[in-house]
Amino acid sequence: MNRSTLCLVLTGAALVISGCNAVPVATTPVAQAPVATGPTQLLEDVRILSADDMQGRNTGSEGGERARAYIVSRLEAIGVQAPLFGRLQPFEAPGRTREGVKTFSGVNIVGLIPGRRIADRYIVVTAHYDHVGVNDGQIFHGADDNASGVATMLELAARLKANPPEHSVLIVALDGEERGLLGAREFVKAPPVPLSSISLNLNFDMTARAETDGHLWVTGTYQHPNLRPVLEAVQPNGAVSFAFGKDTPRDTGENNWVDASDHGAFHAAGVPFLYMGVDYHPDYHRPSDTFERITPSVFTSATEIAIAGFRALDQALDR
């Protein structure tokens with residue numbers, strides 16, 4: 001997640017606001033993606049996406065390519081179809097680096113789950129799969145940021161295939177978030193469906209480490225107050241409950257998350273949005289953001305409440 005400024009400095013290495021481009025499907029081996037769902041698969045997705053061989057999943061890197069191939073294989077194993085415009089949305093965009101402005105390559109991954117009540121209205125569920133790569137010889141694993149959000153999204157996709165949603169759902173793994181929400185900006189610029197047909201963007205970014213305060217934070221109900229009662233009715237799961245905020249004029253700087261992740265691009269385009277994610281923790285944007293730091297029961301509870309929140313929103317929208 002890119003929560004503070006668009007140019008971050010980590011352990012002496014300045015992170016890049018870069019761009020993205022068309023990249024072929026990975027040619028390097030990736031782990032096989034099982035069809036299974038549930039806590040075991042949820043954790044396995046995070047473990048694989050944050051492993052050393054993913055090299056921090058930098059946009060345009062071999063590690064990012066490897067992560068993309070894994071996510072595609074998971075969607076296909078679950079049975080999530082591609083929309084008419086295809087599974088991949090390649091793009092390129094200029095971005096700043098320590099050396100100056102360059103053009104970078106990125107690819108969004110898109111899946112479609114048809115709705116059973118309102119098939120021509122869409123909920124776009126997003127989670128960015130890129131992270132910041134390797135800096136000063138250290139891998140920034142990005143287990144919570146944002147292998148966790150991708151895993152939560154994949155678990156939701158598996159549940160929706162087993163029990164179809166009321167709205168049609170676009171499952172979108174976005175690239176280039178750490179470089180300035182590049183994949184999200186590309187998606188809203190060239191969406192597979194009209195923006196006017198999107199009822200909501202629900203963005204997952206950092207869903208694993210809720211033990212900091214016991215909350216999965218929901219940002220966006222200040223902008224869309226009609227959605228807050230829907231989620232307030234969702235009961236806590238284990239040690240994790242929803243908390244609301246970080247979206248008012250009183251919330252300033254790093255405490256305002258309205259534009260802090262990919263939902264910011266949807267918000268700028270006039271699409272209703274909600275963001276779900278945990279608060280800061282000491283491993284945020286550090287090499288120590290590893291799979292081993294995740295407490296399985298907490299992550300599972302956070303994912304379960306996120307899915308319950310989606311179901312509540314799916315039932316309440318467009319009534």
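Visitor: What span does helix α2 reach from its first C-alpha to its last?
Guide: This is a predicted model, in which local features need pLDDT of at least 70, side-chain atom pairs count only at pLDDT 80 or more, and totals for chains, interfaces and linings use all residues. Helix α2 covers residues 62–78, 17 residues in total; helices are DSSP runs (H or I, at least four residues), strands likewise (E, at least two), numbered from the N terminus. The expected span is 1.5 Å times one less than the number of residues, here 24 Å. The span of α2 is close to that, at 25 Å.

Visitor: How many residues of α2 are buried?
Guide: Residues are numbered from 1 along each chain as its sequence is written, and side-chain values use heavy atoms, with hydrogens and water left out. Buried means under 20% relative accessible area, exposed over 50%, and partly exposed in between (1.4 Å probe, protein chains only). Helix α2 is mostly covered. Of its 17 residues, the buried ones number 13.

Visitor: Which residue follows α2?
Guide: The residue there has a positive phi, near 100°. It is G79.

Visitor: Why is helix α4 largely enclosed by the rest of the structure?
Guide: Helix α4 takes in residues 182–189. The buried set is L182, G183, A184, E186, F187 and V188. The helix is largely enclosed because its buried residues number six of the eight.

Visitor: At what angle do the axes of α1 and α7 cross?
Guide: Two packed helices are described by the angle between their axes and the distance between the axes. Axes are lines fitted to C-alpha atoms, for helices over the stretch in contact, with angles from 0 to 180 degrees between N-to-C directions. The axes of α1 (residues 39–49) and α7 (residues 296–316) come within 10 Å. They cross at roughly 105°.

Visitor: Are α1 and α7 roughly parallel or roughly perpendicular?
Guide: Under 35 degrees counts as roughly parallel, over 145 as roughly antiparallel, 65 to 115 as roughly perpendicular and the rest as oblique. The two helices are therefore roughly perpendicular.

Visitor: How many residues of the contact of α1 with α7 are nonpolar?
Guide: Contact means heavy atoms within 4.5 Å; P39, L42, L43 and V46 of α1 meet P296, F299, T300 and T303 of α7. Ala, Val, Leu, Ile, Met, Phe, Trp, Tyr, Cys and Pro count as nonpolar, Asp, Glu, Lys and Arg as charged, and the others, Gly among them, as polar. Two residues are polar and none charged. The nonpolar ones number six.

Visitor: With which side chain does the side chain of H215 make a polar contact?
Guide: H215 sits in strand β10 (residues 215–219) and is partly exposed, at 25% relative accessible area. Not counting residues up to four places away in sequence, H215 touches A210, V240, S241, F242, A243 and V278. A polar contact is a pair of N or O atoms within 3.5 Å; within protein, one must be able to donate a hydrogen and the other to accept it, and residues adjacent in sequence count only if both atoms are side-chain atoms. At 3.2 Å, the partner is S241.

Visitor: Which residue does a cis peptide bond join to D145?
Guide: Omega of that bond is about 0°. The partner lies in helix α3 (residues 143–162). It is N146.

Visitor: Where is Q55 found?
Guide: Phi of Q55 is near 55°, a positive value in a residue other than glycine. Q55 is partly exposed, at 33%. Its place is the loop between α1 and α2.
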